[in-house]
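I opened the notebook to look up salt bridges and the exposure of the residues that form them. The entries follow.

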Amino acid sequence: MSAIDFKRLTSHCKEYGFIFQSSEIYDGLAAVYDYGPNGVELKKNIESYWWKSMVQMHDNIVGIDAAIFMHPKVWKASGHVDAFNDPLVDNKDSKKRYRADQLIEGYCEKIEAKIKKDVDKAAKRFGDAFDEKQFRETNQRIIDRQAKIDAAMNSMNSFLKEEDMEGLKNLIEELEIACPESGSRNWTEVRQFNLMFSTQLGNIAGEEGKLYLRPETAQGIFTNFLNVQKTSRQKVPFGIAQIGKAFRNEIIARQFTFRMREFHQMEMQFFVRPGEDEKWYDYWKNTRLAWHKAIGSPAEKLRFHDHDNLAHYANAALDIEFEFPFGFRELEGIHSRTDFDLKSHQELSGRKIQYFDPEINENYVPYVVETSIGLDRMILAQMANALQDETVPDADGKESTRTVLKLHPSLSPNKCAILPLLKNHEGLVNMGKDVFNNFKKSFNTIYDEKDAIGRRYRRQDAIGTPFCLTIDHQSLEDQTVTLRNRDDLSQVRISVEEAKAKVKANIEFPL
Ligand code: GAP
């Protein structure tokens with residue numbers, strides 16, 4: 001079994017109808033993507049898994065679906081108008097624009113790649129006796145390179161924290177970072193660029209009518225806090241969950257659906273008593289990590305990463321990182337947002353946004369622990385984890401390679417493929433269609449009669465279908481069928497109803 005590189009992953013997503021570039025016939029729109037027939041099913045399944053785990057499985061979490069447009073003051077109160085910025089720098093020769101922090105991170109990644117090369121070489125040389133930790137701590141070349149990375153990252157983080165744009169520019173020059181396009185070091189000043197997209201109301205001219213496309217779904221939850229608390233009669237601690245679109249004017253469009261301009265978030269704000277935020281922060285970080293593992297993401301591909309630079313609203317924050325084909329990157333954020341948002345909305349709206357806690361007989365503005373995951377990133381993580389090349393035995397006893405998408409069966413776009421052995425045999429085809437019509441009422445089922453059976457199996461493997469049901473001549477005599485398991489390739493001859501029960505039993509979400 002071997003993992004598949006990023007280029008093949010992106011072409012597989014296109015070839016098998018998972019993800020397409022938006023507006024491709026016009027050469028595409030950067031960092032905007034469409035989901036195809038298989039992609040949309042995978043997306044709905046992940047949404048369902050999240051919604052069921054967060055809302056249905058928690059008596060104290062309820063859902064909402066707020067509008068994308070909100071009153072412009074929302075974004076003033078939330079801090080996004082003033083602080084939702086990226087530090088940008090242009091190269092004067094190539095006219096290309098970059099995020100200053102990503103240029104510096106790219107510099108560090110290059111050094112890290114050199115370290116990794118040395119480590120891999122040494123591992124090969126020393127074999128089983130190789131101790132990577134010891135090697136990293138004692139090899140002088142690695143120590144020097146690691147020191148360069150640490151110094152660059154520390155300086156960058158402190159400039160970002162202080163919003164010191166001149167410091168960032170000097171650092172880029174000091175590190176002699178060149179434009180990847182032109183190769184020159186002819187940089188403009190670094191300046192802050194707001195990431196929110198804006199549009200204009202039709203009936204109000206000027207600033208007054210300026211609307212933003214929400215950059216996070218969370219604010220729809222904060223502004224509805226009292227509506228939801230009163231109508232659902234929830235008591236603190238309780239949560240409000242939402243799935244919806246968010247928009248960010250990302251400057252760097254790369255890494256496929258990892259960084260998009262229009263994407264989906266699945267967010268939950270958990271409202272707690274002031275002083276209990278730390279306890280709930282711990283609870284949610286562990287609960288969310290367990291959610292990822294339950295759906296099949298291997299423990300070694302997941303890790304926590306504490307934030308060095310806290311967002312304007314947080315007193316603690318971490319990322320759950322996943323090892324994508326291009327390295328460990330943020331998949332989900334857990335943020336302790338204090339009472340920042342509710343308090344800001346209270347101040348700017350002039351409305352009292354407080355909760356009366358009957359247990360302690362006190363009014364207060366609740367603190368908030370947020371879990372926020374990008375649906376599109378989760379899809380990418382699942383695709384990257386599931387897509388594999390595997391050597392399997394052929395029908396004639398030889399070996400061949402298959403490409404298989406080992407998604408958790410609850411996430412697979414189709415749960416079972418119905419395959420009559422021959423397409424020109426009326427009896428086989430009729431029975432196939434009967435089984436298809438029977439199964440499709442219970443779960444997503446696909447019917448396929450084209451090509452040899454082996455090729456049909458491979459097609460289903462490539463889109464992650466966990467079961468294939470084959471109808472042959474014996475099926476017409478005794479109503480039994482063959483059910484093939486995608487992962488272990490086992491085949492069992494059972495009745496149609498037994499096959500249906502077996503598929504059903506295997507496609508539940510791990511709740
Ligand atoms: N409400 C908090 C918030 O929005 P964030 O860390 O900026 O926090 C949360 O975003 C999650 O949204 C990220 O962990 C990531 O999965 C997803 N996300 C953020 N920006 C994205 C983008 N440009 N494209 C795709 N997903 C994105």
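Before reading any exposure value, I fixed the terms: buried is under 20% relative accessible area, exposed is over 50%, and partly exposed lies in between. I also noted that the model is predicted.

Entry one, the pair Lys-450 and Asp-451. I found their side chains joined in a salt bridge, with N to O at 3.9 Å. Asp-451 has 29% relative accessibility, so I put it down as partly exposed. Lys-450 is also partly exposed, at a relative accessible area of 49%.

Entry two, helix α6. I looked up Arg-136 and found a salt bridge to Glu-132, with the closest N and O atoms 3.0 Å apart. The two residues lie four apart in helix α6 (residues 132–138), which means a separation of about one helical turn. I recorded Arg-136 as partly exposed at 28% relative accessibility, and Glu-132 as partly exposed at 38%.

Entry three, helix α15. Arg-458 makes a salt bridge with Asp-461, and I noted 3.9 Å between the closest N and O atoms. They are three residues apart in helix α15 (residues 453–463), about one helical turn. Is Asp-461 buried or exposed? I read 0% relative accessibility, so Asp-461 is buried. Its partner Arg-458 has 28% and counts as partly exposed.

Entry four, the wider setting. I traced Arg-458 and Asp-461 into a network of salt bridges that also links Glu-390, Arg-402, Lys-406 and Arg-484. For the whole model I noted a count of 39 salt bridges.

How values were computed
Residues numbered from 1 in each chain as written. Predicted model: local features only at pLDDT ≥ 70, side-chain atom pairs only at ≥ 80, totals over all residues. Heavy atoms only, no water. Salt bridge = Lys/Arg side-chain N within 4 Å of Asp/Glu carboxyl O. Buried < 20%, exposed > 50% of the residue type's maximum accessible area, 1.4 Å probe, protein only.
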